[in-house]
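The exercises below are meant to be worked through with the model open beside the text. Each task is followed by a solution that proceeds step by step.

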There are 2 protein chains.
Amino acid sequence: MVFNKELLRGTLELIVLHLISIGDTYGYALTGRVSELSEGRIDLKEGTLYPILYRLENEGMVESFWATQERGVPRKYYRITEKGRGRLGELREEWSAFVECVAKILMCERQGDSTDGCANP
Amino acid sequence: MVFNKELLRGTLELIVLHLISIGDTYGYALTGRVSELSEGRIDLKEGTLYPILYRLENEGMVESFWATQERGVPRKYYRITEKGRGRLGELREEWSAFVECVAKILMCERQGDSTDGCANP
DNA sequence: CCATATACTTAGTGTTGCTAGGTATATGAT
DNA sequence: ATCATATACCTAGCAACACTAAGTATATGG
């Protein structure tokens with residue numbers, strides 16, 4: 001059901017930064033949003049998410065501000081910075097290049113002779 | 001140039017098992033093959049690969065045998081087992097499901113209202 | 001004779017996701 | 001009134017695994 005947690009490494013930062021980029025949001029909402037969007041297959045734990053948010057903030061990729069509400073516990077909202085948008089673009093590119101790269105390797109169905117590109121003509 | 005190493009987590013086992021599945025091979029050859037196929041973007045280190053091979057063997061996914069040669073150092077070859085082929089299929093499926101899942105999340109361009117599937121119609 | 005390529009091995013390090021606890025406020029049920 | 005649950009944030013310590021950096025050994029070319 002849930003994906004092997006090792007797969008998440010390196011992609012959670014991308015996912016979190018993307019979700020913040022489409023609109024200011026806060027930690028607790030992100031855990032639910034990721035669960036929804038992944039149909040329960042990515043169970044982003046609080047103990048995982050909060051350290052990611054602090055890392056992103058320390059690196060200047062996001063800014064945070066507290067928002068008290070009419071009722072309920074105050075929320076700590078995060079907003080992406082310009083620097084963060086730059087990083088998001090890089091992470092997106094790296095991710096899609098990586099996915100293509102793995103796909104190419106998995107397509108390969110014969111031992112390499114160092115001259116083929118493994119296109120399996 | 002080279003991919004963030006965190007991205008490799010969880011996929012190296014799949015890649016290694018796949019490459020063994022298309023023909024018996026040995027550790028040192030695998031490092032070169034991965035470098036070729038990825039055009040240098042995945043630099044599979046020996047200190048990473050050998051532990052993966054031992055893990056796969058301990059779990060019964062591959063078998064190993066030493067092959068002495070006319071000249072040169074003996075090589076330890078690995079062959080995939082039936083169990084290993086089963087695991088390979090599972091890893092492939094999990095990987096492609098994960099890639100689709102991340103793609104879906106990254107496609108999402110508005111805050112969720114819990115009813116949309118983030119298809120952005 | 002020595003550098004380099006081939007080929008395997010392994011002890012220790014670092015990153016990062018998870019576990020499992022904690023604090024605090026609000027609401028609905030018993 | 002009390003207790004469970006949902007919301008909301010925080011953090012110390014654990015575990016998995018890719019990497020570093022070292023080692024052993026054989027063969028070859030300068």
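**Exercise 1. Find the residue that stands opposite A:Trp66, and place the pair in its sheet.**

Solution. Begin with A:Trp66, which stands opposite A:Lys76 in S3(A). Next, consider the strands: S2 (residues 62–67) of chain A is joined to S3(A) by six bridges, and the two run antiparallel; strands pair if DSSP finds at least two bridges between them. Helices (H or I, at least four residues) and strands (E, at least two) are DSSP runs, numbered from the N terminus. Then turn to strand S1 (residues 25–26) of chain A, which two bridges join to strand S3 (residues 75–80) of chain A, again antiparallel, with A:Tyr26 opposite A:Tyr77.

Before going further, note that this is a predicted model, in which local features need pLDDT of at least 70 and side-chain atom pairs count only at pLDDT 80 or more, while totals for chains, interfaces and linings use all residues. Residues are numbered from 1 along each chain as its sequence is written, chains are lettered from A and ligands numbered from 1 in the order in which they are written, and side-chain values use heavy atoms, with hydrogens and water left out.

**Exercise 2. Determine the strand order of the sheet in chain B and which strands stand at its edges.**

Solution. The order in this open sheet of three strands is S1-S3-S2, with antiparallel pairing. Strand S1 (25–26) and strand S2 (62–67) of chain B each have a single partner strand and stand at the edges, so one side of each is left without a neighbour in the sheet. S1(B) and S3(B) are joined by two bridges, and B:Tyr26 has B:Tyr77 as its bridge partner in S3(B). Finally, helix H2 (residues 12–21) of chain B lies across S1, S2 and S3 of chain B, at about 90 degrees to S3(B).

**Exercise 3. Describe how H2(A) and H4(A) pack against each other.**

Solution. First take the geometry: the axes of helix H2 (residues 12–21) and helix H4 (residues 46–58) of chain A come within 11 Å and cross at roughly 70 degrees, where axes are lines fitted to C-alpha atoms, for helices over the stretch in contact, and angles run from 0 to 180 degrees between N-to-C directions. The two helices are therefore roughly perpendicular (65 to 115 degrees) to each other. Then list the contacts (heavy atoms within 4.5 Å): residues of H2(A) including A:Leu12, A:Val16 and A:Ile20 meet a set in H4(A) that includes A:Leu49, A:Ile52 and A:Leu56. By class, this contact has eight nonpolar, one polar and two charged residues.

**Exercise 4. Which residues come nearest to DNA strand C, and which phosphate contacts are found?**

Solution. Of the 28 residues around DNA strand C (a heavy atom within 4 Å), A:Arg9, B:Tyr28, B:Tyr50, B:Tyr54 and B:Arg75 come nearest. Sugar and phosphate make up 67% of the atoms of the strand that come within 4 Å of the protein. Among the polar contacts (pairs of N or O atoms within 3.5 Å), a phosphate oxygen lies 2.6 Å from a polar backbone atom of B:Tyr28, and another contact, at 2.8 Å, involves an N or O atom in the side chain of B:Tyr50. H4(B) gives the most to the surface near DNA strand C, with five residues.

Notes
Parallel < 35°, antiparallel > 145°, perpendicular 65-115°, else oblique. Nonpolar A, V, L, I, M, F, W, Y, C, P; charged D, E, K, R; others polar. Polar contact = N/O pair within 3.5 Å; in protein donor to acceptor, adjacent residues only side chain to side chain.
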